[in-house]
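Q: Please take a close look at one helix of this model and describe how it is packed. After that, continue to the other packed parts and the individual residues that can be described with some care.

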Amino acid sequence: RRRPRGAGGLPQHQDGVDLQRLKGMAVMRILVTGFEPFGGQSLNPSWEVARALHGLQLQGAQVTAVQLPCVFAQALPALQQALAHRPDIVLALGQAEGRCDFSVERVAINVQDARIPDNAGDQPIDVPVIDGGPAAYFSTLPIKSLVAGLRSTGFPSSVSQTAGTFVCNQVFYALQHTLAGQGVHSGFVHLPLLPEQAAGWPGPSLPSWPVSVQVAAAQRALALLVAHRQQGLADLAMGGGTLN
């Protein structure tokens with residue numbers, strides 16, 4: 001049976017053979033997820049960045065990229081399949097039009113409230129991600145250290161207080177719910193549009209980053225996360241909140 005493939009020919013859902021091989025090559029396993037295009041777009045920066053990082057070996061760690069469907073009913077099974085291979089670090093990526101930096105999300109909330117339909121036409125309103133689950137989960141990434149480290153190397157970054165209520169938040173919440181208490185560093189980052197997306201976006205002009213810059217920022221973020229985990233560092237105590 002042929003495996004489903006996403007953009008660029010990479011498997012959408014990695015099978016056991018490929019990831020078992022990668023596990024034998026690396027001391028630390030990193031999973032990076034990105035989404036397929038949605039909302040009528042032909043690109044999604046999260047997947048363009050994730051697939052560019054696929055196979056990267058970084059400070060004794062191996063990166064595997066998995067594409068997730070932008071479909072409420074399909075995203076979580078695909079995520080669970082990827083998590084079955086026991087990554088040490090998970091960096092989930094998503095697109096957020098209007099964002100102007102590398103937005104490190106602080107919290108995922110237990111609600112699905114879709115402003116637009118997903119790629120299967122589903123539009124849940126006020127539905128929990130996990131029935132009976134906690135109201136919210138915090139990221140287990142060192143979010144302040146990540147922001148500081150990115151800024152120090154010229155990549156605009158900030159702590160974001162909301163991951164929205166679409167499939168990005170659904171995946172973020174389910175990720176944290178699944179890995180709670182397991183010692184995995186996991187969380188979510190929203191990325192700006194690509195310039196080719198912003199050029200055709202209706203309405204006022206929106207910020208964008210070239211894919212090469214987004215990939216470089218993500219690679220820097222992964223290097224920071226690996227070093228943080230290897231050295232057992234605590235997160236920085238620095239301001240990252242907002243007034244509204």
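A: **One helix and its surroundings**

The buried residues of α2 pack against β1 (28–35), β3, β4, β9 (185–191), α6 (195–199) and α7, where contact means heavy atoms within 4.5 Å. Helices (H or I, at least four residues) and strands (E, at least two) are DSSP runs, numbered from the N terminus. This is a predicted model, in which local features need pLDDT of at least 70 and side-chain atom pairs count only at pLDDT 80 or more, while totals for chains, interfaces and linings use all residues. Residues are numbered from 1 along each chain as its sequence is written, and side-chain values use heavy atoms, with hydrogens and water left out.

Helix α2 is mostly covered, with 7 of its 9 residues buried; buried stands for under 20% relative accessible area, exposed for over 50%, and partly exposed for what lies in between, with a 1.4 Å probe and protein chains only. The buried residues of α2 are Pro45, Ser46, Trp47, Glu48, Val49, Ala50 and Leu53. After the helix comes glycine 55, whose phi is positive, near 90°.

Two packed helices are described by the angle between their axes and the distance between the axes. For α2 (residues 45–53) and α7 (residues 211–231) the angle is about 60° and the axes are 9 Å apart, the axes being lines fitted to C-alpha atoms over the stretch in contact, with angles that run from 0 to 180 degrees between N-to-C directions. That makes α2 oblique to α7, given that angles under 35 degrees count as roughly parallel, over 145 as roughly antiparallel, 65 to 115 as roughly perpendicular and the rest as oblique. The crossing of α2 and α7 is right-handed, that is, the near helix is turned clockwise from the far one by less than a right angle, where anticlockwise would be left-handed.

On the α2 side of this pair, Pro45, Glu48, Val49, Ala52 and Leu53 take part, and they meet Val211, Gln214, Val215, Ala218, Gln219 and Leu222 of α7. By class, the contact of α2 with α7 has 8 nonpolar, 2 polar and 1 charged residues, with Ala, Val, Leu, Ile, Met, Phe, Trp, Tyr, Cys and Pro counted as nonpolar, Asp, Glu, Lys and Arg as charged, and the others, Gly among them, as polar. An α-helix has 3.6 residues a turn, so residues three or four places apart point the same way.

A further helix pair can be described in these terms. Helices α3 and α5 (residues 167–179) pack at an angle of about 35°, with axes 10 Å apart, and their crossing is right-handed. From α3 the contact takes Phe72, Ala75, Leu76, Leu79, Gln80 and Leu83, and from α5 it takes Val167, Gln170, Val171, Ala174, Leu175, Thr178 and Leu179. The residues of the contact of α3 with α5 comprise 10 nonpolar, 3 polar and no charged.

Helix α5 also holds asparagine 169, which counts as buried at 1% relative accessibility. The side chain of asparagine 169 reaches the backbone oxygen of isoleucine 109 at 2.8 Å, a polar contact in the sense of a pair of N or O atoms within 3.5 Å, of which, within protein, one must be able to donate a hydrogen and the other to accept it, and residues adjacent in sequence count only if both atoms are side-chain atoms. Neighbours within four places in sequence aside, asparagine 169 is in contact with Ala108, Ile109, Val111, Val129, Ala163 and Gly164.

Threonine 140 sits in the loop between β7 (136–138) and α4 (143–152), and at 39% relative accessibility it counts as partly exposed. Its side chain reaches the backbone oxygen of valine 184 at 3.1 Å, and a polar atom of the side chain of threonine 140 lies 2.9 Å from the backbone nitrogen of serine 186. Leaving aside neighbours within four places in sequence, the contacts of threonine 140 are Gln176, Val184, His185 and Ser186.

Two loop residues remain. Glutamine 59, in the loop between β2 (57–58) and β3 (61–68), has a phi near 55°, a positive value in a residue other than glycine, and counts as partly exposed at 42% relative accessibility. Arginine 86, in the loop between α3 (72–83) and β4 (89–95), has a positive phi near 60° and is likewise a residue other than glycine; at 59% relative accessibility, arginine 86 counts as exposed.
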